[in-house]
Amino acid sequence: MRDTGRTRLALSLALIVALALIAVDYENGSSGVVRGVRGTAGSVFGGIERSVSIVTSPIGRFVGGGLSGSDASVQTAALRRRLAVLRAELSEARLSKADSQQLKRLLALAGAGSYRVVAASVIAFGQGYQQTIALNVGSSDGVRAQQTVLNGDGLVGKVISVSKGTCTVLLATDASSVVGIRLAPGGEVGWVTGQGSSRTGPGLLKLSVLDPAAVLRPGEQLVTAASVKDRPFVPGVPVGVISAVRNKAGALTAQAFVRPYVSFGTLDVVAVVIAPPKRNPRFSVLPPKPAPKPPPAPSVSPPAPASPTPSGAPPRQGH
């Protein structure tokens, strides 16, 4: 469990409410089990009972003083509901090992690009005609519409609507998504569009480059190009790598298909960029380009063994 202020606060409140529940039950005798045990405990554990009474009596007088019968039951039920809420908050404040690793990668990418971000969790996937996700951050956290969303691997999408505590993100794979890009290392300008559920494969993006004479090659990497005033996209966020080139006769632009760095089907920990970098990071945030695989060594057949000749017999001569 990560030792955060939120975790410590939730744990402290949960302990206080749990003690209050014990105190109310003990003070008012509202539990049959407490009444049954009290007599035996008084004779066997008298000293301990008095010590517990010293600790719980002030709490009991505070939360249950003056209450009896149904009033005490109502107060106890309210405290139990509050304890359930606090336990849920405490569970939410705990990050699994996988979440912790995702957050670590996310912060590393944001630091490399000098992006000021607000970390968030995916709380829902869109069920409509658009490919969207909902996050647990909103305007109260500094989130605004038309801001970049990323994770530890690269570009996720852009914010399209915001409430006080949540926001909706349009994924880069949606058919209506258009993202300006630059190719590394030459800096050619183009754009990628989402394919939605396409025959070309799940999650692939379609790349178009302004220069029709540009030579596109599989394995080339892409980053976001800066939008006007850095909205909706800040510069330098890794987008993906060219997986296949499509040469279409008469096309005005060079085209290819791009495999995103982000796995959109397993999104969990993401971040909203609430302030762009002061300087364009260009290609500094890209992951290392995978080394090309060496070609397989040609197979060499061993020479055929020479036919043996009888001992002492001269080899036959051709005529």
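Strand β1 (residues 116–125) and strand β12 run antiparallel and are joined by six bridges. One facing pair can be named: Ser-121 lies opposite Val-269 of β12. The model described here is predicted.

Strand β12 also pairs with β3 (residues 148–150). This pairing is antiparallel as well, and spans two bridges. Within it, Val-149 has Val-272 of β12 as its bridge partner. Strand β12 is mostly covered, with six of its seven residues buried.

The nonpolar interior was examined next. The largest nonpolar core contains 47 residues. Leu-135, Val-192, Leu-207, Leu-222 and Leu-267 have the most contacts inside this core. Among the structural elements, β12 (residues 269–275) contributes the most, giving five residues. Strand β12 thus appears in two settings: it pairs with β1 and with β3, and it supplies residues to the core. In soluble globular proteins, nonpolar side chains tend to be buried together.

Leu-207 illustrates the contacts of a core residue. Residues up to four places away in sequence are not counted here. Leu-207 touches Ile-181, Leu-183, Trp-191 and Val-192. Its contacts also include Leu-216, Leu-222 and Ile-242. Ala-254, Gln-255, Ala-256 and Val-258 complete the list. Two of these partners, Val-192 and Leu-222, are themselves named with Leu-207 as residues with the most contacts inside the core.

Charged side chains give a shorter account. A search of the whole structure finds one salt bridge. The partners are Arg-105 and Asp-153, whose closest N and O atoms are 3.6 Å apart. The pair links distant parts of the chain, with the two positions 48 residues apart in sequence. Arg-105 belongs to helix α5, whereas Asp-153 sits in the loop between β3 and β4 (155–162). Side chains of opposite charge can pair when their charged atoms come close.

Neither partner meets the cut-off for burial, which is under 20% relative accessible area. Arg-105 has a relative accessibility of 38%, so it counts as partly exposed. Asp-153 is partly exposed too, because its relative accessible area is 28%.

Helix α5 (residues 97–113) also holds Leu-107. With a relative accessible area of 48%, Leu-107 is partly exposed. This value falls short of the exposed class, because that class requires over 50%. Leu-107 and Asn-151 are 44 residues apart in sequence. In space, their C-alpha atoms are 8.7 Å apart.

Conventions: Residues are numbered from 1 along each chain as its sequence is written. This is a predicted model: local features need pLDDT of at least 70, side-chain atom pairs count only at pLDDT 80 or more; totals for chains, interfaces and linings use all residues. Side-chain values use heavy atoms; hydrogens and water are left out. A nonpolar core is a set of buried Ala, Val, Leu, Ile, Met, Phe, Trp, Tyr and Cys residues joined through side-chain atoms within 4.5 Å. Buried means under 20% relative accessible area, exposed over 50%, partly exposed in between (1.4 Å probe, protein chains only). Helices (H or I, at least four residues) and strands (E, at least two) are DSSP runs, numbered from the N terminus. Contact means heavy atoms within 4.5 Å. Two strands pair if DSSP finds at least two bridges between them. A salt bridge is a side-chain nitrogen of Lys or Arg within 4 Å of a carboxyl oxygen of Asp or Glu.
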